[in-house]
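Biologist: Could you take me through one part of this model in some detail? I would like to look closely at the place where the two chains meet.

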Protein chains: 2
Amino acid sequence: MSKENKRVSEAVIRRMPKYYRYLKEMKASGIKRISSRELSKKMGLTASQIRQDFNCFGGFGQQGYGYNVEELCDEIQKILGLHKEYNMIVIGAGNLGQALANYSGFEQEGFNIKALFDINPRLVGISIRGIPILDIDHIEGFLSQCEVHIAAICTPKKTAQEMVDRLIECGVKAIWNFAPIDVNAPDDVVVENVHLSDTLYTISLRMNEDYN
Amino acid sequence: MSKENKRVSEAVIRRMPKYYRYLKEMKASGIKRISSRELSKKMGLTASQIRQDFNCFGGFGQQGYGYNVEELCDEIQKILGLHKEYNMIVIGAGNLGQALANYSGFEQEGFNIKALFDINPRLVGISIRGIPILDIDHIEGFLSQCEVHIAAICTPKKTAQEMVDRLIECGVKAIWNFAPIDVNAPDDVVVENVHLSDTLYTISLRMNEDYN
DNA sequence: TAGATTGTTAATCGATTAACAATC
DNA sequence: TAGATTGTTAATCGATTAACAATC
């Protein structure tokens, strides 16, 4: 699908969700068309970069007119794979795991959380927005019954890699990791290590004016 | 402090917390020295890049020997500003806000959460690990009494920018934003927009093999 | 001393920006 | 048609990698 089959760079991939956010907002507020120049001002990028980015995936604009907001938004939705449905599970039903389960935005984009898993017997059995918290020992059984595309890891650091290994063993093909460690997986598994504390530490670094 | 006063690039800044994670781990497990080559294998970077990165901040190694793990770890801790103490507040005491308050790792690095703020009267008055949840209307009063360095925004999208404006008005100099919108602030305020859903959307993009 | 590994300069690579012909 | 704006090529800029002298 990508134009000329040329691999899309990491930098471009990271900008796509941002385009999607802005375009969805504009679409919702009834804006019909946008030029790369206008969009560049809104987003703090250059118009050149925006046109280059979009043209990694195809020509979505029209000379002399710009881009149709709704059309472009839909195209980027497809690029991000948000036109599909995904089954998701959350490993670790602490505050962060529960926060993911409670956030309705993921569902709206096709990410359906089917269950949370935890080791804590006080959590096992209860439900969050109708999503059950199950015993972590039942994970293999669950995965044999339900095709899970993405697993979010919200466990403490020490159990994260072990859980990832078990999940991959059962065929899970994508890991969204929130544990403060880089988890590893075979090449055919997509891994996204989020590392919230890393982003906090860049704040304290930047608060030191010497590096700005 | 940065060598030759040359501004440190975004890419280097983003890698510093990762170095810190690995070095802290090695220090804890009793490893005394490491060469850039060994570290490069552990971290999946090149040895060249590691030496270039460290030399943005100073010469921490020794020819023929490599780097002293403890010394290097401490230097990077200082670069990240983790040798200092920060007062933090969390705006929005939902699951995500509570998750931040419950995570002890931030405190260990000098980030002390002093209070959470929420609009929900059912939450106001209770405590998380001894940290009180206060009424959002008392934020200005609180900030006049307590110097707050960093505010984490865990509110819904629609109130995020408004809260940021109020906080900055009261002198808060850094914003750690989890609401799914890019919040804006004057140049002297450090802003880190986290956007958890963006990272999820890059997963679904990557699951489409055309872009890999 | 000989071997190892840094710090740093030079070369390469890739990403961003600029320019402009194509075209709506 | 004239004006506007894209898609795309070329130029620039910056980041990564390679190489090697310095030195422990």
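How much area is buried between chain B and chain A, and what percentage of that area do carbon and sulfur atoms give?

Modeller: Happy to! First, a word on conventions. This is a predicted model, in which local features need pLDDT of at least 70 and side-chain atom pairs count only at pLDDT 80 or more, while totals for chains, interfaces and linings use all residues. Residues are numbered from 1 along each chain as its sequence is written, chains are lettered from A and ligands numbered from 1 in the order in which they are written, and side-chain values use heavy atoms, without hydrogens or water.

Now to your question. About 5500 Å² is buried between chain B and chain A, and carbon and sulfur atoms give 64% of that area. On the chain B side, Y201(B), R206(B) and Y211(B) lose the most area to chain A, and together they make up 14% of what that side buries. (Buried area is the accessible area, found with a 1.4 Å probe, that two parts lose on being put together, summed over both.) Chain B brings 59 residues to the contact, and chain A also brings 59, where contact means heavy atoms within 4.5 Å.

The symmetry is worth a look too. A turn of 180° with a shift of 0.0 Å along the axis lays chain B on chain A with an RMSD of 0.0 Å. The two copies are thus related as by a two-fold rotation axis. (The superposition is by least squares on C-alpha atoms of residues with pLDDT of at least 70 in both copies.) As 100% of the interface residues of chain B are also interface residues in chain A, the copies meet through the same surface.

Two of the three chain B residues picked out above, Y201(B) and R206(B), bring us to helix 9 of chain B, where they are among the buried residues. This helix spans residues 196-206 and is mostly covered, with 11 of its 11 residues buried. (Helices, H or I with at least four residues, and strands, E with at least two, are DSSP runs numbered from the N terminus; buried means under 20% relative accessible area, exposed over 50% and partly exposed in between, with a 1.4 Å probe and protein chains only.) Charged and hydroxyl-bearing names such as D198(B), T199(B) and S204(B) are on that buried list as well. In chain A, helix 9 is likewise mostly covered, 11 of its 11 residues being buried, including L196(A), Y201(A) and R206(A).

Just before this helix in chain B sits H195(B), in the loop that links strand 9 (190-193) to helix 9. H195(B) has a positive phi of about 55° although it is not a glycine, and with a relative accessible area of 6% it is buried. R129(B) also has a positive phi, of about 50°, without being a glycine. R129(B) lies in the loop between strand 5 (127-128) and strand 6 (131-135) of chain B and is partly exposed, with a relative accessible area of 42%.

For the wider setting, chain A has 9 helices and 9 strands, and its C-alpha atoms fill a box of roughly 60 × 50 × 35 Å along the principal axes. Of the 212 residues of chain A, 52% count as buried. The C-alpha atoms of G171(A) and Y211(A) are separated by 44 Å, with these positions 40 residues apart along the chain. G171(A) belongs to the loop between helix 8 (157-169) and strand 8 (174-177).
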